Amino acid sequence: MFVLYYSPGSCSTAAHILLEECGADYQAKRVNLAAGEQRTEEYRKINIHGKVPALEIGDRIITQNAAILPFISGQFPESNFTPPDPIDYAKCVELVGWLASAVHPAFGLALHPERPAGGEDIDESTIDLISKNGHNIFWNNLSEINDRLEGKTWVMGPQYTFADPYALVFYAWGKRLEQPMSQLENYTAWKDRMLERPAVRRVLERENSALLKAA
């Protein structure tokens, strides 16, 4: 059995969806980020960085979506969520890596500009500037995802892969930042296809996702 440590609406939603898509035998353990559970000594024994997701397999733990998503997909080859061609597989991992290393941090700048500014006591104009830059960078990243989806059913093409659940996280975060997501026609059409998938809907319902409510 897998044990997924997650928080609703966070990037762990991607791993949550993929486990559900694969029909995995798993337990989802919620980490209350608002209450600071991720910073407790108990949770830091699971993930020293105090982040979600974390995936427990027996006495071993994997962290980071860039590692967790291809791992889960690889455990269920019958699900056909891993590109069979080696270069296509590498490109899928590349996309997940970009989402994790570029798109996710941009959202962080927009949502919590006081953190890179050095704290809430920093000059308000500095915080506002960081927030504006974060919003702009994040929007540019969302626009790039929209461009990548031109003429495609899923983010990698005709095959649904372990990258798709991760891309859904950022659409939801764009809505959270009140960005004009409907302008991204390819991304929005893809989001609608995602919401038609039973496994996706089950997870979003469990996580009480605002994305479902807005659909």
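**Exercise 1. Cysteines**

Determine why the sulfur of Cys22 forms no bond with the closest cysteine sulfur.

*Solution.* Step 1: a disulfide is a covalent bond between the sulfur atoms of two cysteines. The criterion applied here is a pair of cysteine sulfur atoms within 2.5 Å. Step 2: for Cys22, the closest cysteine sulfur belongs to Cys92 and lies 12 Å away, so the separation is too far for a bond. Step 3: by this rule, the count of disulfides is zero. Cys11 is likewise in no disulfide, as its nearest cysteine sulfur, again that of Cys92, is 17 Å away. Step 4: burial is judged by relative accessible area, with buried meaning under 20%, exposed over 50%, and partly exposed in between (1.4 Å probe, protein chains only). Cys22 has a value of 8% and is therefore buried; Cys11, at 8%, is buried as well.

The model is predicted, so that local features need pLDDT of at least 70 and side-chain atom pairs count only at pLDDT 80 or more, while totals for chains, interfaces and linings use all residues. Residues are numbered from 1 along each chain as its sequence is written, and side-chain values use heavy atoms, with hydrogens and water left out.

**Exercise 2. Strand pairing**

Establish in which sense strand 3 pairs with strand 1 and with strand 4.

*Solution.* Step 1: strands (E, at least two residues) and helices (H or I, at least four) are DSSP runs, numbered from the N terminus. Two strands pair if DSSP finds at least two bridges between them. Step 2: strand 1 (residues 2-6) and strand 3 (residues 54-57) are antiparallel, with four bridges; here Val3 faces Glu56 of strand 3. Step 3: strand 3 also pairs with strand 4 (residues 60-63) in the antiparallel sense, over four bridges. In that pairing Ala54 stands opposite Thr63. Step 4: two residues separate the strands in the hairpin of strand 3 and strand 4, where Gly58 adopts a positive phi near 65°. Step 5: Ala54, a residue of strand 3, has 0% relative accessibility and so counts as buried. Its C-alpha is 22 Å from that of Ser79, 25 residues away in sequence.

**Exercise 3. Helix 6 and the cavity**

Compare the end-to-end distance of helix 6 with the expected span, and identify which residues line the largest cavity.

*Solution.* Step 1: the expected span of a helix is 1.5 Å times one less than its number of residues. For the 25 residues of helix 6 this gives 36 Å, and the end C-alpha atoms are 36 Å apart, which agrees. Step 2: buried residues of helix 6 include Ile127, Ile130, Gly134, Phe138, Leu142 and Ile145. Step 3: on a 1 Å grid over the protein atoms alone, a cavity is a set of points where a 1.4 Å probe fits but cannot get out; a pocket is an open set with protein on both sides within 12 Å along at least five of seven lines; lining residues have an atom within 4 Å of a point. Grid points are joined across faces, edges and corners, and a volume is the space filled by probe spheres set on the points. Step 4: there is one cavity of 30 Å³ or more, and the largest cavity holds about 40 Å³. The lining consists of Leu95, Leu99, Ile145, Arg148, Val155, Ala163 and Ala167. Helix 4 (86-111) and helix 6 (124-148) each supply at least two of the lining residues.

Step 5: in the residue classes, Ala, Val, Leu, Ile, Met, Phe, Trp, Tyr, Cys and Pro are nonpolar, Asp, Glu, Lys and Arg are charged, and the others, Gly among them, are polar. The cavity lining has six nonpolar, no polar and one charged residues.

**Exercise 4. Pockets**

Describe how the largest pocket and the second largest pocket are lined.

*Solution.* Step 1: the largest pocket encloses about 1000 Å³. Of its 33 lining residues, Ser10, Leu33, Lys51, His104 and Arg115 lie nearest the centre. Helix 4 provides the largest share of this lining, seven residues. By class, the lining comprises 15 nonpolar, 13 polar and five charged residues. Step 2: the second largest pocket has about 270 Å³ of space. It is lined by 17 residues, of which Gly9, Ala172, Ser209, Ala210 and Leu211 are closest to its centre. Two or more of the lining residues come from each of helix 7 and helix 10 (210-214), and helix 7 gives the largest share, six residues.
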